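Below are some notes for a colleague working through this entry, set out as numbered points. Please read them alongside the coordinates.

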Amino acid sequence: MTRQPMLRLTAIAASISLTLLLGACSNTELVQEETPPAPTTSAEQAEQRLAAVAAERAAIEARYADREVVCYDKFFVNRCLDEAREVRRAALVTQRAIEIEASLYLRRLKVDERDKAIAEADAAYAQEEAKLAAEPPPVKDPAAAALPPPRTKSGESRVRSQQRAQESAANAEKEAAERAANVAAYEERRRKSEERQKEVARRVAEREAKAAQRAADEAKRANGNGPAPTN
């Protein structure tokens with residue numbers, strides 16, 4: 001009879017040790033080393049990468065939500081949640097790097113196209129000016145000669161090219177502003193998600209503390225209810 005409480009406590013301790021070992025050896029997703037994305041080589045590739053980033057972000061959030069559900073069934077809930085958050089953070093950092101690289105490529109491409117269009121318009125205008133200087137048109141009427149010369153086609157072409165370049169630059173700025181707004185909205189959603197996760201972690205910690213206290217109380221009662229050892 002005197003050995004029964006001791007055997008009971010030994011069994012409880014062995015069960016707790018086994019549970020701790022299983023929790024520590026649970027399936028843990030490894031965080032891959034962050035590597036810079038390969039450089040973008042075309043506008044089509046950049047657009048494909050941006051679309052892939054949006055899809056992968058949604059998949060990352062879905063995997064994280066599934067992992068949260070699994071973590072609540074484990075003994076070390078907080079450790080499992082921390083690992084899931086780290087995997088999610090690393091994956092989102094990788095996607096953000098891809099998004100930045102592809103967006104910068106598209107922005108540089110638009111700027112280059114605008115500069116090229118302006119340079120071509122300036123070259124055409126200079127060529128036409130040189131031609132007019134070498135071969136001035138004949139003046140038939142002195143009164144007509146006093147009037148300002150009409151705008152040449154090359155000048156009109158230059159204006160149109162500059163307008164197209166300005167429109168392209170404005171579109172690039174608009175797209176950049178839209179992307180910045182999307183990033184800000186995403187960061188706000190992430191902040192709210194982290195706040196919710198902290199609240200969940202706090203409740204889980206309270207639940208674990210209460211469970212530990214109950215286990216300690218039961219252990220004390222088990223020790224107190226056993227008969228006194230005999231000499």
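1. In this predicted model, Glu 199 has a relative accessibility of 32% and therefore counts as partly exposed, the bounds for that class being 20% and 50%. Its salt-bridge partner is Arg 203, with the closest N and O atoms 3.5 Å apart, and Arg 203 is likewise assigned to the partly exposed class because its relative accessible area is 45%. Both residues belong to helix H5, where 4 residues, about one turn of the helix, separate them.

2. The pair should not be read in isolation, since salt bridges that share partners join Glu 199, Arg 202, Arg 203 and Glu 206 into one network.

3. Helix H5, which spans residues 153–225, also holds Glu 188 and Arg 191, and because these lie 3 residues apart they are separated by about one helical turn. Their side chains meet in a salt bridge with an N to O distance of 2.4 Å, a value that a reader may wish to check in the coordinates. Glu 188, at 33% relative accessibility, counts as partly exposed, and Arg 191, with a relative accessible area of 36%, is partly exposed too.

4. Which residue does Glu 61 meet in a salt bridge? The partner is Arg 88, at 3.2 Å from N to O, and this pair links distant parts of the chain, with Glu 61 in helix H2 (residues 43–71) and Arg 88 in helix H3 (residues 77–134), 27 residues apart. Are the two ends of this bridge buried or partly exposed? Glu 61 counts as partly exposed, at 28% relative accessibility, whereas Arg 88 is at 6% and so counts as buried, the threshold for burial being under 20%.

5. For the overall tally, a search of the whole structure finds 13 salt bridges, and those discussed above are among them.

6. Turning to the nonpolar residues, the largest nonpolar core has 6 residues, namely Cys 71, Val 77, Cys 80, Leu 81, Val 200 and Val 204. Helices H3 and H5 each supply at least two residues of this core, and the largest share, 3 residues, comes from H3. Within this group, Cys 71 touches Val 77, Cys 80 and Leu 81, when residues up to four places away in sequence are not counted.

7. Apart from the largest core lies another, of 5 residues, among them Ala 46, Leu 50, Tyr 105 and Leu 106. As general background, nonpolar side chains in soluble globular proteins tend to be buried together.

Terms used:
Residues are numbered from 1 along each chain as its sequence is written. This is a predicted model: local features need pLDDT of at least 70, side-chain atom pairs count only at pLDDT 80 or more; totals for chains, interfaces and linings use all residues. Side-chain values use heavy atoms; hydrogens and water are left out. A salt bridge is a side-chain nitrogen of Lys or Arg within 4 Å of a carboxyl oxygen of Asp or Glu. Buried means under 20% relative accessible area, exposed over 50%, partly exposed in between (1.4 Å probe, protein chains only). A nonpolar core is a set of buried Ala, Val, Leu, Ile, Met, Phe, Trp, Tyr and Cys residues joined through side-chain atoms within 4.5 Å. Contact means heavy atoms within 4.5 Å.
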